[in-house]
Amino acid sequence: MVSLVLGLGVLLCACTQQAPVALPAGLQGTYDLVLVNDLLFVTSTDRNELRVLELTEDAMKRGYVRAPNPLEPLAIPVLPRPQALARDVRYDAEGNERTGSYVYARSNGSAIVSVVDSAADKLHEVARLDTRLLTGVSSGPVTAFAALATEQEGGSSTLYFATQETAGARLWRASLTTDTQALASPPAPLTAELLLELASDEAVSSLLVLPDPNLLAVSTRRGQSGNPGTSFILEVNTKARRTTLDFGGAQVLQLVTHGRVPGEDTQPERRAPGARIFGVLDPSNCTQPAAPAPAVACQSGILAADSTTGALAKDFTGYPMLPINSGSGLPMGLSLSTNTLLSVQGGETREAAVPLLGIVPLSTGAILFFDALNLVHLNVGAAWLASETPNTATATISLLDVVGNNVDPSTPDRRADIAFAGTFGVTRDEAYVLTSERVLPNASRLERDPATTTFTVPVIDALEDGIARPSVRPGDLIVLLPENTSLPACAESVLVGEVQREPAAPTARLVPAGALPAACADYPRFEVRAGGERPLVLTDAAGNYLQRMGTGSTYSRTDTFFFHPPGYAGQATGTAVSLTVTRDLRQSPVGRDQSFVVTTASHFFPYILSVDLVNYDALRGFRLPGPVVRARVGGTDFAYIVYPSANAILQMNLSTVVAGAANNLSLVPFR
């Protein structure tokens with residue numbers, strides 16, 4: 001019995017020494033997060049509180065900070081429905097970002113700001129500021145805020161906040177002591193100083209503390225369509241606008257900057273802390289131009305402005321950068337991190353450590369990474385065969401029969417038949433099909449009057465060699481069809497001898513070059529196939545008609561650059577695709593319904609990935625991401641992203657993620 005009791009005691013002692021099980025926080029409303037040292041503050045909006053995730057090096061102990069009752073996670077009660085967070089930030093003498101004493105929380109439509117002590121042994125709301133009392137005149141809600149941390153022990157935190165009034169937006173500054181007891185019970189009422197008044201239809205959307213403590217970046221938006229807001233740098237001591245920031249005429253939802261970027265190059269100024277200010281573009285308020293390419297103001301994505309001149313920043317080519325985006329996804333946040341370890345993918349030749357990395361969660365559920373120092377995408381598709389020239393657009397060409405089989409497998413590339421040209425940075429991944437004697441558009445199974453020998457067909461005009469030409473023309477082939485679709489078409493085709501058409505008329509009358517085949521003369525339907533000098537019908541991958549082609553004819557299309565390749569020289573457009581038929585179709589005809597298939601290759605794929613929503617139940621709610629921060633824990637870099645759709649935080653190991661794939665093994669949810 002004594003041995004049994006001693007054995008149980010040893011077992012119980014061992015159990016109490018095990019690592020505590022990570023507790024779920026029960027988040028409800030994860031709309032924003034901020035990082036202070038190794039503590040990640042996140043909103044739990046529906047519960048009117050903040051939760052704190054402690055980023056310990058031991059992954060088994062990583063979890064939410066525990067309450068005084070260790071069986072529960074810590075909750076920090078704050079103002080009702082906290083939806084946005086800010087933190088004290090400053091930059092040290094080396095240009096590195098440092099955090100201060102407080103985390104701030106606000107709610108949309110509210111004039112209240114909660115001040116939370118961010119010290120690991122405190123973690124509680126110090127004060128709940130009513131900005132109407134601080135200003136003495138404001139009655140509107142807080143729309144944006146930011147805070148400058150003190151450099152001295154016992155100094156003051158400077159809170160910047162914008163309110164929306166009926167007469168227009170106003171920007172304020174308040175000095176808050178870092179003595180939490182004095183802030184909780186101030187000897188005198190706190191006050192705020194008015195820095196700026198804006199127009200009646202203008203609202204402040206973002207505030208950003210810069211490395212120079214006397215400078216504040218401000219972004220505004222307007223409600224009137226076609227009249228966007230502005231972005232500028234404010235000199236807070238003189239209350240004067242110092243620099244207007246050029247984001248291509250677009251409104252900006254969020255402003256972000258960076259600390260000193262490690263490394264050396266021929267342009268050291270771009271590595272200085274705050275050298276560039278990045279903006280998350282808002283395309284909702286723009287006027288679409290008549291030009292073929294949309295204006296920058298109407299695009300989504302990320303742009304950067306030079307913080308000294310305010311001009312749109314230049315990328316590694318020395319020309320103004322293009323918006324960083326991917327498809328239809330709208331940026332939901334932006335984090336810039338220095339010296340970040342990101343897994344290298346196939347097609348990349350870079351080092352694992354990215355000097356300045358941009359992380360952008362998208363509304364499509366994808367996560368986009370880009371090179372924020374060179375202001376370009378991280379291209380994971382830059383791979384060429386030994387027979388191809390690097391940094392060029394290429395194409396593969398094959399000849400297929402009607403069912404898709406290769407007509408001549410011994411000739412894998414038909415460049416002797418179809419010549420291709422394109423521009424790296426303009427050419428996209430597309431497919432073009434040139435079908436011999438294909439049925440012309442709108443000319444399939446048309447009705448005819450057997451009592452007549454003419455045929456009426458719709459006509460589509462398309463540009464050929466810069467001239468609008470009709471789709472049907474003399475030399476084409478009329479094929480008679482029976483009413484019963486199970487019966488074969490007439491074996492003998494009839495040449496089109498004449499096309500009778502009124503100018504710009506949508507239809508034309510076809511006159512055959514000879515008599516109709518006696519065996520098919522009473523067939524009630526017909527189709528018209530391409531023939532003559534241009535027997536090839538060019539269509540895109542969706543089957544849309546582009547033009548007729550024959551020996552020596554060319555189809556060419558230009559477009560704008562969607563990324564700047566090495567050697568870019570400032571040109572606005574380039575050749576997206578140029579196809580020339582070099583095969584002599586008279587000497588070497590192509591069989592009916594055989595097709596040349598041209599598949600163009602851009603050799604470009606952005607560093608973008610998604611969450612595996614199918615194979616893992618724990619990840620199925622992670623559809624719509626929100627803001628993101630990067631944190632280095634031990635020697636590993638992580639991205640932490642809030643997901644309102646999952647009421648959780650997603651931890652993403654940046655050293656093991658896989659681009660172009662649905663990831664799961666690199667991800668850990670915290671709920």
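## A mixed sheet, two nonpolar cores and one disulfide

Eight strands form an open sheet with mixed pairing, in the order β9-β8-β7-β6-β10-β11-β12-β13. Strands β9 (124–130) and β13 (193–197) stand at the edges with a single partner strand each, so one side of each has no neighbour in the sheet. From one strand to the next the twist averages 25°, taken between axes that are lines fitted to C-alpha atoms, with angles from 0 to 180 degrees between N-to-C directions. Strands here are DSSP runs of E of at least two residues, numbered from the N terminus, and two strands pair if DSSP finds at least two bridges between them.

The model is predicted: local features need pLDDT of at least 70, side-chain atom pairs count only at pLDDT 80 or more, and totals for chains, interfaces and linings use all residues. Residues are numbered from 1 along each chain as its sequence is written, and side-chain values use heavy atoms, with hydrogens and water left out.

Strand β6 is a convenient place to enter the sheet. Strand β6 covers residues 84–91, and 6 of its 8 residues are buried, where buried means under 20% relative accessible area, exposed over 50% and partly exposed in between, with a 1.4 Å probe and protein chains only. On one side, β6 pairs with β7 (residues 97–106) in the antiparallel sense over 7 bridges, and A84 stands opposite R106 in β7. The two strands make a hairpin with 5 residues between them. In the turn, G95 has a positive phi of about 85°.

β6 also pairs with β10 (residues 142–148): the two run parallel and are joined by 2 bridges. D88 has A147 as its bridge partner in β10, and V89 stands opposite L148 of that strand. Going on through the sheet, β10 runs antiparallel to β11 (residues 156–165), with 6 bridges between them. L148 has T158 as its bridge partner in β11. All told, 7 of the 7 residues of β10 are buried, so the strand is largely enclosed by the rest of the structure.

T143 is one residue of β10. Leaving out neighbours within four places in sequence, T143 is in contact (heavy atoms within 4.5 Å) with R106, A162, Q164, V204 and S205. A polar atom of the T143 side chain lies 2.8 Å from the backbone oxygen of V204. The C-alpha atoms of T143 and S110 are 8.6 Å apart, although the two residues are separated by 33 residues along the chain.

Towards the β9 edge of the sheet, β8 (residues 112–117) and β9 run antiparallel and are joined by 6 bridges. V115 has A127 as its bridge partner in β9.

The next topic is the nonpolar cores. In soluble globular proteins, nonpolar side chains tend to be buried together. A nonpolar core is a set of buried Ala, Val, Leu, Ile, Met, Phe, Trp, Tyr and Cys residues joined through side-chain atoms within 4.5 Å. The largest has 36 residues, of which F247, I277, F278, I302, L334, L336 and F370 touch the most other members. Two or more residues come from each of β15 (215–222), β18 (251–256), β19 (276–282), β20 (302–306), β22 (353–361) and β23 (367–371). L336 touches V256, T257, H258, F278, L356, L357, G358, F370 and A372, not counting residues up to four places away in sequence. Apart from this core lies another, of 25 residues, including V354, F622, L650 and M652.

Which cysteines does the disulfide join? The structure holds 1 disulfide (a pair of cysteine sulfur atoms within 2.5 Å). C490 is joined to C520, with an S to S distance of 2.1 Å. The torsion about the S-S bond is about 85°, so the disulfide is right-handed. C490 lies in the loop between β32 (477–481) and β33 (494–500), and C520 in the loop between β34 (507–512) and β35 (525–529), so the pair ties together parts that are 30 residues apart in sequence. Both ends are covered: C490 is buried at a relative accessible area of 8%, and C520 is buried at 6%.

Last is a loop residue, T56. T56 sits in the loop between β3 (49–54) and β4 (63–64), and counts as buried at 18% relative accessibility. Its contacts, setting aside neighbours within four places in sequence, are K61, R62 and V633.

Methods:
Helix = DSSP H or I, 4+ residues; strand = E, 2+ residues; numbered from the N terminus. Polar contact = N/O pair within 3.5 Å; in protein donor to acceptor, adjacent residues only side chain to side chain.
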